[in-house]
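Got your viewer open? Load the model below and we'll walk through it one selection at a time.

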Amino acid sequence: MLRKRILAAVVLSALAGGLAASAPAYSARDDGPAWDGSHWDGAGHHGKDGEDGAVFVQTNKPLGNTIQVYDRGDDGVLTMAGEYQTGGLGGATIGPPVDALASQGSLIYADGLLFAVNAGSNTVSVFRVDGDKLELLDVTWSGGLLPVSIAVHEDLVYVLNAAGAGAVQGFRVENDKLHRIEDSSRSLDLVNANPPAFATAPAQVGVDPEGRFVLVTTKGNNTIEAYRIGDKGSLSKEPTSNPDPGTPFGFTFDDEGKLLVAESGTNAVTRYQVSGDGTVTPNGPSVPNGQTATCWIQQVGEYFYAANAGSSTISSYTVDDEGNLILVAAIAVDTGGGSIDMTTADGILYVQNAAAGNVQGYRVNDDGSLTLITTVDGLPQFANGTGMEGIAAS
């Protein structure tokens with residue numbers, strides 16, 4: 001019944017187009033350690049080797065966004081460790097089927113820092129991570145309206161704002177604060193309200209592993225926009241605009257630097273080559289999975305997992321020796337809860353299930369199959385257009 005309700009909501013959307021309360025809402029320190037560079041680990045998230053592990057979940061509460069922190073045991077099992085205010089408000093698009101922010105990458109961990117969007121107050125929060133504890137360092141204007149996605153590359157941070165014309169804003173991390181980069185604010189020239197409709201809100205911002213381009217997927221225009229990164233993090237005046245008729249949503253990069261995009265319109269994944277001029281060319285045919293609302297994608301080792309919110313399933317893919325994208329299993333697992341954002345650490349796939357209000361952890365087996373090892377409940381369920389979104393791991 002739950003799956004039918006989610007599926008119906010997806011179809012209708014397509015047709016329509018306590019807490020660490022003692023911490024101050026804004027806190028900043030100038031005496032923190034200098035940024036020592038994040039690394040791309042090939043699994044779709046940034047991390048720092050040798051740290052105590054944790055999983056972070058963004059609640060996206062409209063009256064006060066928070067981050068829930070879970071200890072990550074050696075076996076991957078999660079245990080609640082605390083909840084921290086971001087100093088901002090959660091937000092939502094109009095008519096979301098199950099994912100309020102309609103995006104991938106709203107919560108990013110990179111080299112000891114955690115970056116979170118506050119979609120309802122148009123800000124970005126920065127935390128220092130110390131094991132399973134967070135310290136709020138900075139709350140900064142996002143450079144636009146309804147921030148929904150963040151990309152980090154070394155000391156550069158780019159924020160995607162979804163409302164109005166849509167915008168990308170670049171920042172540099174200095175002394176644990178975000179500083180706006182000159183000539184790095186770019187309008188996407190969309191025609192959205194504030195807040196925007198789910199179907200027309202841009203979905204993700206990311207940086208290719210070599211740090212050449214800022215990429216943005218737009219669902220309404222069916223494009224992958226590529227802005228060249230210039231001196232000191234500035235962006236090219238105009239992007240290379242690449243068509244993707246499958247309705248591009250979330251994306252990641254494989255070990256060869258190829259771009260893999262989850263396409264929500266065709267319920268498929270496509271592998272692309274990003275050329276030196278920003279042109280994005282399919283590396284082969286799109287590979288459908290027969291599921292509904294394929295929106296998020298996460299690499300774990302040699303496998304790629306696509307979350308299908310409408311069918312509450314996870315599909316698995318891999319790339320063969322000839323570079324062909326292969327569907328391993330249309331249904332690697334049925335989560336039963338409206339699967340949205342994902343993250344990974346130590347061979348575990350962590351899945352955020354918005355309709356069920358939980359996070360599940362799956363061990364990735366040698367053949368790509370998934371074994372459930374942990375579930376944490378009690379997170380904000382999707383209801384009345386709002387709900388949790390955003391997950392990251394250290």
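## The whole chain

Start with the full surface: the protein exposes about 14300 Å², and carbon and sulfur atoms supply 50% of it (Shrake-Rupley areas with a 1.4 Å probe; for residues, only the protein chains shown count as cover). This is a predicted model, where local features need pLDDT of at least 70 and side-chain atom pairs count only at pLDDT 80 or more, while totals for chains, interfaces and linings use all residues. Residues are numbered from 1 along each chain as its sequence is written, and side-chain values use heavy atoms, with hydrogens and water left out.

Switch to cartoon and you get 1 helix and 32 strands (DSSP runs numbered from the N terminus: helices are H or I with at least four residues, strands are E with at least two). Of the 394 residues, 61% are buried, meaning under 20% relative accessible area with a 1.4 Å probe, protein chains only.

## Stop one: the largest core

Select Phe115, Ile150, Val157, Tyr158, Val168, Leu178 and Val214. In the largest nonpolar core, which has 37 residues, these touch the most other members. A nonpolar core here is a set of buried Ala, Val, Leu, Ile, Met, Phe, Trp, Tyr and Cys residues joined through side-chain atoms within 4.5 Å. Elements giving two or more residues to this core include strand E7 (113-118), strand E10 (147-153) and strand E11 (156-161). The largest share, 5 residues, comes from E11. Apart from this core lies another, of 26 residues, with Ala203, Tyr305, Ala309 and Tyr362 among them.

Now center on Leu178. What is Leu178 in contact with, leaving aside its neighbours within four places in sequence? Its partners include Phe115, Val124, Val157 and Phe171, but also Asp138, Thr140 and Arg172 (contact means heavy atoms within 4.5 Å).

## Stop two: E24 to E27

Select 294-334. An open antiparallel sheet of 4 strands sits here, in the order E24-E25-E26-E27; two strands pair if DSSP finds at least two bridges between them. Strand E24 (294-300) and strand E27 (325-334) are the edges, each pairing on one side only. The twist averages 25° from one strand to the next, with axes as lines fitted to C-alpha atoms and angles running from 0 to 180 degrees between N-to-C directions. Strand E26 (residues 313-319) runs antiparallel to E27, joined by 6 bridges; to see across that pair, pick Thr318, which stands opposite Ile326 in E27.

## Stop three: E28 to E31

Select 339-376 for another open antiparallel sheet of 4 strands, ordered E28-E29-E30-E31. Strand E28 (339-345) and strand E31 (370-376) each have a single partner strand, so one side of each is left without a neighbour in the sheet.

Zoom in on strand E29 (residues 348-353). Are its residues buried or exposed? In E29, 6 of 6 residues are buried. Ile348, Tyr350 and Gln352 point one way, and Leu349, Val351 and Asn353 the other.

Step across to E28: 5 bridges join E28 to E29, and Ser339 stands opposite Asn353. In their hairpin, with 2 residues between the strands, check Asp346, which takes a positive phi near 50°. On to E30: 6 bridges join E29 to E30, with Val351 opposite Gln360. The E29-E30 hairpin has 4 residues between its strands, and Gly357 in the turn has a positive phi of about 70°.

Finish at the edge: strand E30 (residues 358-364) pairs with E31 over 6 bridges, and Val364 has Leu370 as its bridge partner in E31.

Note on methods:
Buried < 20%, exposed > 50% of the residue type's maximum accessible area, 1.4 Å probe, protein only.
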